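Biologist: I've got a few things to ask about this one. Can you pull it up so we can go through it together?

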Amino acid sequence: KLFGKKQKEVETGPVRLEFNRLPEMVREEYEKELGTLRPAIGEKYKEISASVKEIKSVKKDLLEAEAIANANKRAEKLGDSNRENVAHNLDLILEKLHVPSNNEPKDAFAYYADSKSVLKNVLDNTRRSQMYIKALYPQEFEKINLSLANLEGLLDELFSQIRDEKDKIDT
């Protein structure tokens with residue numbers, strides 16, 4: 001008795017496990033887990049694709065932007081060459097970040113790793129150029145930063161969805 005209530009005792013018989021069905025049972029359970037994960041990966045891919053398209057728009061805005069009013073000619077020349085460098089590196093993102101056609105966690109993990117590598121390279125290659133962009137095109141600089149941060153955040157969300165599944169696959 002616990003607190004005045006009588007609990008029924010449940011009789012359990014011996015558990016019977018057919019070892020020849022074990023691989024099939026594991027595969028069924030694995031597929032069931034993937035069945036819930038695949039749609040989530042697909043949704044995150046849609047968000048990432050939209051973010052990449054936003055970067056295309058931001059790049060166009062940067063190339064069409066006018067330098068701030070009080071910039072001298074020398075600064076504008078430096079700004080133009082650095083603007084081209086940033087635009088070129090944004091093109092690298094547009095070229096290399098194509099979401100996979102399937103929603104398998106293994107492919108999603110590879111996509112995540114490749115995408116993070118591309119983002120890191122772009123940021124490393126444009127760090128100095130972005131300082132010139134920030135001085136001459138402050139609004140466009142802000143848009144670029146927000147777009148890249150959004151993309152990186154979405155990639156991190158994708159990774160958090162697939163991390164546990166990847167750990168299971170690895171073991």
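Modeller: Sure, and keep in mind that this is a predicted model. Let's begin in helix α2, where Asp80 and Arg83 sit three residues apart, so about one helical turn separates them.

Biologist: What do the side chains of Asp80 and Arg83 meet in?

Modeller: An α-helix has 3.6 residues a turn, so residues three or four places apart point the same way. Asp80 and Arg83 fit that spacing, being three residues apart in helix α2. With N to O at 3.0 Å, their side chains meet in a salt bridge.

Biologist: Which of the two, Asp80 or Arg83, counts as buried?

Modeller: The cut-off for buried is under 20% relative accessible area. Asp80 has 31%, so Asp80 is partly exposed. At 10%, the residue that counts as buried is Arg83.

Biologist: And which residues are joined into one network by salt bridges that share partners?

Modeller: The structure holds twelve salt bridges. Those that share partners make a network of Lys44, Glu47 and Glu157.

Biologist: Staying with α2, which residue caps its N-terminal end?

Modeller: Look for a side-chain oxygen lying 3.2 Å from the backbone nitrogen of Arg74. The residue that provides this oxygen, and so caps α2, is Asn72.

Biologist: How far does α2 reach from its first C-alpha to its last?

Modeller: α2 has 24 residues, and at 1.5 Å a residue the expected reach is 34 Å. The model comes close to that, with a C-alpha to C-alpha reach of 35 Å.

Biologist: Asp91 is in α2 too. Which residue forms a salt bridge with Asp91?

Modeller: The partner is in helix α1, 32 residues apart from Asp91, so this pair links distant parts of the chain. Asp91 is partly exposed at 23% relative accessible area, whereas the partner is buried at 17%. With the closest N and O atoms 2.8 Å apart, that partner is Lys59.

Biologist: How many residues apart in sequence are the parts that Asp61 and Lys143 tie together?

Modeller: Their side chains meet in a salt bridge, at 3.6 Å from N to O. Both residues are partly exposed, Asp61 at 26% and Lys143 at 38%. Asp61 lies in helix α1 and Lys143 in helix α4, so the pair ties together parts whose separation in sequence is 82 residues.

Biologist: Let's turn to the nonpolar side. Which residues touch the most other members of the largest nonpolar core?

Modeller: In soluble globular proteins, nonpolar side chains tend to be buried together. Here the largest nonpolar core has 32 residues. The elements giving two or more residues to this core are α1, α2, α3 and α4. The members with the most contacts to other members are Ile48, Ile93, Leu151 and Leu158.

Biologist: Which residues does Ile93 touch, leaving out those up to four places away in sequence?

Modeller: Ile93 is among the buried residues of α2, along with others including Val86 and Leu90. Beyond four places in sequence, the contacts of Ile93 are Ile55, Val118, Leu119, Val122, Leu148 and Leu151.

Biologist: Ser129 lies in helix α3. Which residues does Ser129 touch, again not counting residues up to four places away in sequence?

Modeller: At 4% relative accessibility, Ser129 counts as buried. Two of its contacts, Asn82 and Val86, are buried residues of α2. The full set is Asn82, Asn85 and Val86.

Biologist: How about aromatics: which residues do ring pairs link into a cluster?

Modeller: There are four aromatic pairs in total. The ring centres of Phe109 and Tyr112 are 6.4 Å apart and their planes are at 35°, so that pair is tilted. Phe109 and Phe159 also make a tilted pair, because their planes are at 40°, with centres 5.9 Å apart. Put together, the cluster is Phe109, Tyr112 and Phe159.

Biologist: Last one: which helix does Phe159 lie in?

Modeller: Phe109 and Tyr112 both lie in helix α3, about one turn apart. The pairing of Phe109 with Phe159, though, ties together parts that are 50 residues apart in sequence, because Phe159 lies in helix α4.

Technical notes:
Residues numbered from 1 in each chain as written. Predicted model: local features only at pLDDT ≥ 70, side-chain atom pairs only at ≥ 80, totals over all residues. Heavy atoms only, no water. Core = buried A, V, L, I, M, F, W, Y, C linked by side-chain atoms within 4.5 Å. Buried < 20%, exposed > 50% of the residue type's maximum accessible area, 1.4 Å probe, protein only. Helix = DSSP H or I, 4+ residues; strand = E, 2+ residues; numbered from the N terminus. Contact = heavy atoms within 4.5 Å. Phe/Tyr/Trp six-rings, centres within 6.5 Å; stacked < 30°, edge-to-face > 60°. Expected span 1.5 Å × (residues − 1). Polar contact = N/O pair within 3.5 Å; in protein donor to acceptor, adjacent residues only side chain to side chain. Salt bridge = Lys/Arg side-chain N within 4 Å of Asp/Glu carboxyl O.
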